[in-house]
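Here is a friendly walk through one protein chain, written to be read with the coordinates open beside it. Let us begin with a term that the first stop on the tour relies on.

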Amino acid sequence: MIKKEKKVKVLKIEKLIYVLIIFVAVMIPIANVFSKALLSESNIEVEKLELAVANWQTDLAQNAMEAWLANHGEEGIELVLANNDGMAQGAIAALNAQEYNLGDAAKTVTVIGVDATAAAQELISKGNMFGSVLQDAPAMADGLYAAGMN
């Protein structure tokens, strides 16, 4: 068992309101448990507002984000978690259309994707996107092989 030596708290907030964009309905239980556990680990109260299945598609994620912005008003969403960068881009397109994530800190919603694509890296460098998680496929394959051989 690996022991964590030190926890670093980055966010100094009491409650985080977020939405989740995933790729298929099968992932809903996994994504819900993982994202809530991850966010709650920092002792931050978490409230999930919405969840959409966007099937890796930018346009479906954009449509979902547009609806969420309409439903939850100007200050209702603080974080968007997307299971790939394409869906994160769709969310950002919807946010940008409503003048979010264009450089004004008061009108910024944190958007995090997965894959660390070149497009996501550009959005991150421009300040439109907070971050992306790089999946290291070779290391994941090595880990699965090692686990299978034990």
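A residue counts as buried when its relative accessible area is under 20%, and as exposed when that area is over 50%. Please keep in mind that everything below describes a predicted model.

**Helix 2 and its two sides**

With that cut-off in hand, helix 2 is a good place to start. Its buried residues are A61, A64, M65, W68 and L69. They lie on the same side of helix 2, because the arc they cover around the axis is only 135 degrees. The general geometry helps here: an α-helix has 3.6 residues a turn, so residues three or four places apart point the same way. On the face turned away from the buried side of helix 2, you will find the exposed residues A70 and N71.

Helix 2 runs over residues 58-72, 15 residues in total, and spans 21 Å from its first C-alpha to its last, close to the expected 21 Å at 1.5 Å a residue. Just after helix 2 comes G73, with a positive phi of about 70 degrees.

**The chain as a whole**

Stepping back, the chain holds five helices and five strands. Along the sequence they follow the pattern β-α-β-α-β-α-β-α-β-α. Of the 150 residues in the chain, 33% are buried. Among contacts with a separation of 6 or more, 66% join residues that are 24 or more positions apart.

**The largest nonpolar core**

Which residues touch the most other members of the largest nonpolar core? They are M65, V80 and L95, in a core of 22 residues. Helix 2, strand 3, helix 3 and helix 4 (118-126) each contribute at least two residues to this core. Helix 3 gives the largest share, with six residues. As a general background, nonpolar side chains in soluble globular proteins tend to be buried together.

M65 appears again in the surroundings of A94, a residue of helix 3. Beyond its neighbours within four places in sequence, A94 is in contact with Q62, M65, E66 and L69. A94 counts as buried because its relative accessibility is 1%, under the 20% cut-off. A94 and W68 are 26 residues apart in sequence, and their C-alpha atoms are 9.8 Å apart in space.

**Four residues side by side**

The next residues sit in strand 4 or in loops, and the table sets out where each one is placed and how accessible it is.

| Residue | Place | Relative accessibility |
|---|---|---|
| N84 | loop between strand 3 (79-82) and helix 3 (85-97) | 9%, buried |
| N101 | loop between helix 3 and strand 4 (110-114) | 1%, buried |
| G113 | strand 4 | 1%, buried |
| D115 | loop between strand 4 and helix 4 | 31%, partly exposed |

N84 ties several of these places together. Apart from neighbours within four places in sequence, N84 is in contact with W56, G113, V114 and D115. Seen from the other end, G113 touches A82, N84, D85, A88, M129, G131, S132 and V133, not counting residues up to four places away in sequence. G113 and G131 lie 18 residues apart in sequence, with 6.5 Å between their C-alpha atoms.

**Backbone angles in the loops**

What sign does phi take in N101, which is not a glycine? N101 has a positive phi of about 60 degrees. D115, also a residue other than glycine, has a positive phi near 125 degrees. For context, most residues other than glycine have a negative phi.

N101 has a long list of partners as well: L95, N96, K107, T108, V109, V111, G127 and N128, leaving out residues up to four places away in sequence. L95 in that list is one of the core residues that touch the most other members.

**Rings and charges**

K107, one of the residues that N101 touches, takes part in a contact of another kind. The charged end of K107 sits over the ring of Y100, 4.5 Å from the ring centre. How many aromatic pairs does a search of the whole structure find? The search finds zero.

Terms used:
Residues are numbered from 1 along each chain as its sequence is written. This is a predicted model: local features need pLDDT of at least 70, side-chain atom pairs count only at pLDDT 80 or more; totals for chains, interfaces and linings use all residues. Side-chain values use heavy atoms; hydrogens and water are left out. Rings of Phe, Tyr and Trp (its six-membered ring) pair if their centres lie within 6.5 Å; planes under 30 degrees apart count as stacked, over 60 as edge-to-face and the rest as tilted. A charge sits over a ring if NZ of Lys or CZ of Arg is within 6 Å of the ring centre and within 35 degrees of the ring normal. Helices (H or I, at least four residues) and strands (E, at least two) are DSSP runs, numbered from the N terminus. Buried means under 20% relative accessible area, exposed over 50%, partly exposed in between (1.4 Å probe, protein chains only). Contact means heavy atoms within 4.5 Å. The expected span of a helix is 1.5 Å times one less than its number of residues. The arc is that of the directions from the helix axis to the C-beta atoms. A nonpolar core is a set of buried Ala, Val, Leu, Ile, Met, Phe, Trp, Tyr and Cys residues joined through side-chain atoms within 4.5 Å.
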